[in-house]
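The following note is offered to a colleague beginning to read protein models. Please keep the structure in view while going through the numbered points.

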Amino acid sequence: MPVEKMILGDGWLRDIDLQKSVILETPQEGLLSALNRMTDDRFPKILIVDDLPDARRLIRRILQSQGNYMVFEAASGQEALQLANAEKPDLILLDLMMPEIDGFAVLDGLKANPATSPIPVIVVTAKELTPDENERLKGRIHALMQKGEFLNDEFMDEINNLIN
């Protein structure tokens, strides 16, 4: 630590080396302490996958108004697969109709990957499904909801049943 020579003279100058291992941390209190103790896994992670920004925003706002969730958003199927693999969400809300990689292909990719295959999926779509499409989803998703239905309590009940 530098000391002004004019105040204490030459004899008082000392070099002190404080190693990090010797420095004791002062316990923090209050809001700063609480924020520092928060971890990413404190709240359930939910991945919203929809190519329409308004649809993602609506679902995010519903989730934020009903509880404490870490919400991730993907605007494409490729982005959804990357985020699912990186973040390991507790739940995925998946739209089926997207350009390039649709929701069916995303579901195939999720189920083919051992790291993402156990993640529960709720399909939220405006698409009227054909019998073949219903068959493709059978046993691979936890719920199917038509867009517009998620404004009611059933949507949040489904979510809470899967992540709590």
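1. In helix α5 (residues 103-112), the buried residues are Gly 103, Phe 104, Val 106, Leu 107 and Leu 110. They lie on the same side of α5, because they cover an arc of only 160° around the axis. Here buried means under 20% relative accessible area, exposed over 50%, and partly exposed in between (1.4 Å probe, protein chains only). Helices (H or I, at least four residues) and strands (E, at least two) are DSSP runs, numbered from the N terminus. The arc is taken from the directions running from the helix axis to the C-beta atoms. An α-helix has 3.6 residues a turn, so residues three or four places apart point the same way.

2. This is a predicted model, in which local features need pLDDT of at least 70 and side-chain atom pairs count only at pLDDT 80 or more, while totals for chains, interfaces and linings use all residues. Residues are numbered from 1 along each chain as its sequence is written, and side-chain values use heavy atoms, with hydrogens and water left out.

3. The cover over the buried residues of α5 includes α4 (77-87), β3 (91-94), β4 (121-125) and α6 (131-137). Ala 105, also in α5, counts as partly exposed, at 31% relative accessibility.

4. At the N-terminal end of α5, Asp 102 acts as a cap: one of its side-chain oxygens lies 3.2 Å from the backbone nitrogen of Phe 104. A polar contact is a pair of N or O atoms within 3.5 Å; within protein, one must be able to donate a hydrogen and the other to accept it, and residues adjacent in sequence count only if both atoms are side-chain atoms.

5. The largest nonpolar core has 21 residues, and those with the most contacts inside it include Leu 47, Ile 92 and Leu 94. Its largest share, four residues, comes from α5. Such a core is a set of buried Ala, Val, Leu, Ile, Met, Phe, Trp, Tyr and Cys residues joined through side-chain atoms within 4.5 Å.

6. Which residues does Leu 94 touch, not counting those up to four places away in sequence? They include Val 49, Gly 103, Val 106, Leu 107 and Val 121. Contact means heavy atoms within 4.5 Å.

7. Thr 125 is placed in strand β4 and counts as buried, at 0% relative accessibility. Leaving aside neighbours within four places in sequence, Thr 125 is in contact with residues including Asp 95, Leu 96 and Met 145.
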